[in-house]
Amino acid sequence: MTPPTPYAAPSVGRLARPGRAVSYVVVGILLAALLVFFVLPVLWLLLAPSKTAGEVVRDNPLSFGSFHQIGTAWQHLFAFQDGAMLTWLRNSAIYSGGSLVLTLLVSVPAGYSLALTNFRGRKVLLVITLVTMIMPQATLVLPVFLELNRFHLIGTVWSVILPFSFYPFGVYLVYIYFGSSLPRDLLSAARIDGCTEWQLFTRIALPLAKPVVGLVAFFSFVGNWNNFFLPYLVLPNSEQFPIQVGLNQLLTSTPSFNPVAGAGLNITLPELALAIILAILPVLALFLVSQRTLVAGMLAGATKE
């Protein structure tokens with residue numbers, strides 16, 4: 001009688017191959033979707049200023065036109081309203097830079113105080129900070145507008161800088177860092193050596209918090225640079241507009257989006273695409289310069305030794 005053949009279990013590799021193939025297919029589909037919805041529009045935006053308005057609509061969307069057309073689009077863009085583009089970029093730099101300074105002066109000490117000092121109302125302030133942080137910015141526009149109007153600040157630089165300086169997310173980031181990563185023994189040793197609380201903050205805590213301060217500065221600057229709604233409401237004059245509100249005015253001056261726009265303004269799709277690229281460049285340059293600081297700031301507080 002022939003003995004029964006022993007059962008041979010399937011290898012792990014054979015079982016894993018079908019699942020691995022499925023995962024590759026899913027990853028490929030996701031990458032293709034990202035390519036279609038994110039990469040291709042960016043490529044179109046970069047190539048659009050090299051074509052005429054007719055070529056943008058008629059030719060291959062990913063084809064390159066000519067450098068001469070880029071120069072023509074540049075001339076038309078900066079001739080709009082006697083160089084309004086430069087004015088809008090300068091205004092954005094003033095608004096974002098001024099509010100950034102005030103944000104750091106307020107957010108860093110506030111986060112340090114919430115994390116390392118005990119005082120009456122501390123938990124209430126922390127809860128208010130968290131609630132305000134998760135509220136959409138549009139919900140605060142009306143009360144902020146009424147408050148600015150009460151103090152006669154509408155139409156001034158401060159009507160943009162002061163609201164931009166209110167940054168609860170920055171306070172919370174600093175609070176998380178100081179509450180989880182700053183060694184308490186180091187502060188105790190400094191107190192024994194005779195350091196005051198102000199010296200503890202400026203000479204010990206603040207130098208150690210450079211990564212998270214850089215992170216707060218980056219997020220604050222990007223948020224202020226890209227803010228549209230509040231400046232649109234509080235700034236009535238085109239010469240005071242930041243770049244985001246200026247882009248809206250360019251959009252309304254483009255016949256492709258506004259049929260009643262004047263044809264003699266020379267603002268078409270190539271000029272509009274070039275304006276968008278110029279509006280993005282400062283944020284992109286800041287990101288490339290501060291990339292190492294951003295990574296260090298994101299990891300700050302992730303581990304506690």
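Which residues have the most contacts inside the largest nonpolar core? Select Leu77, Met85, Trp88, Ile243 and Leu250, which hold that place in a core of 34 residues; a nonpolar core here is a set of buried Ala, Val, Leu, Ile, Met, Phe, Trp, Tyr and Cys residues joined through side-chain atoms within 4.5 Å, and buried means under 20% relative accessible area, with exposed over 50% and partly exposed in between (1.4 Å probe, protein chains only).

This is a predicted model, in which local features need pLDDT of at least 70 and side-chain atom pairs count only at pLDDT 80 or more, while totals for chains, interfaces and linings use all residues. Residues are numbered from 1 along each chain as its sequence is written, and side-chain values use heavy atoms, with hydrogens and water left out.

**The whole chain**

Colour the chain by secondary structure to see 15 helices and zero strands; these are DSSP runs (helices H or I, at least four residues; strands E, at least two), numbered from the N terminus. Of the 305 residues in the chain, 35% are buried.

**The cores**

Return to the 34-residue core and display helix H3 (67-79), helix H4 (84-116), helix H7 (158-165), helix H11 (210-225), helix H12 (229-234), helix H13 (243-252) and helix H14 (269-289), each of which supplies at least two of its residues. Apart from this core lies another, of 25 residues, and Tyr175, Ala190, Val212 and Leu215 are among them.

**Around Trp88**

Centre next on Trp88, which, leaving aside neighbours within four places in sequence, is in contact (heavy atoms within 4.5 Å) with Phe80, Gln81, Ser238, Phe241, Pro242, Ile243, Gly246, Gln249 and Leu250. Ser238 lies in the loop between H12 and H13 and counts as buried at 19% relative accessibility; with the same sequence neighbours left aside, Ser238 is in contact with Gln81, Trp88 and Gln249.

Gln81 leads to the loop between H3 and H4, where Gln81 counts as partly exposed at 39% relative accessibility and has a positive phi of about 50° although it is not a glycine. Select Asp82 in the loop between H3 and H4 as well: phi is near 55°, again a positive value in a residue other than glycine, and at 79% relative accessibility Asp82 counts as exposed.

**H3 against H14**

Show H3 and H14, whose axes come within 9 Å and cross at roughly 80°; axes are lines fitted to C-alpha atoms, for helices over the stretch in contact, and angles run from 0 to 180 degrees between N-to-C directions. The two helices are therefore roughly perpendicular to each other, a label for angles of 65 to 115 degrees, whereas those under 35 count as roughly parallel, over 145 as roughly antiparallel and the rest as oblique. Select Gln69, Ile70, Thr72, Ala73, Trp74, His76, Leu77 and Phe78 of H3 with Pro270, Glu271, Leu274, Ala275 and Leu278 of H14, which make the contact.

**Along H4 to H10**

Move to Ser107 in helix H4, which is buried, with a relative accessible area of 1%, and which touches Tyr167, Gly170, Val171 and Val174, not counting residues up to four places away in sequence. Finally, display H4 with helix H10 (residues 197-208), where the axes are 12 Å apart and the packing angle is about 110°, making H4 roughly perpendicular to H10. Val108, Pro109 and Tyr112 of H4 meet Glu197, Leu200, Phe201, Ala205 and Leu206 of H10 in this contact.
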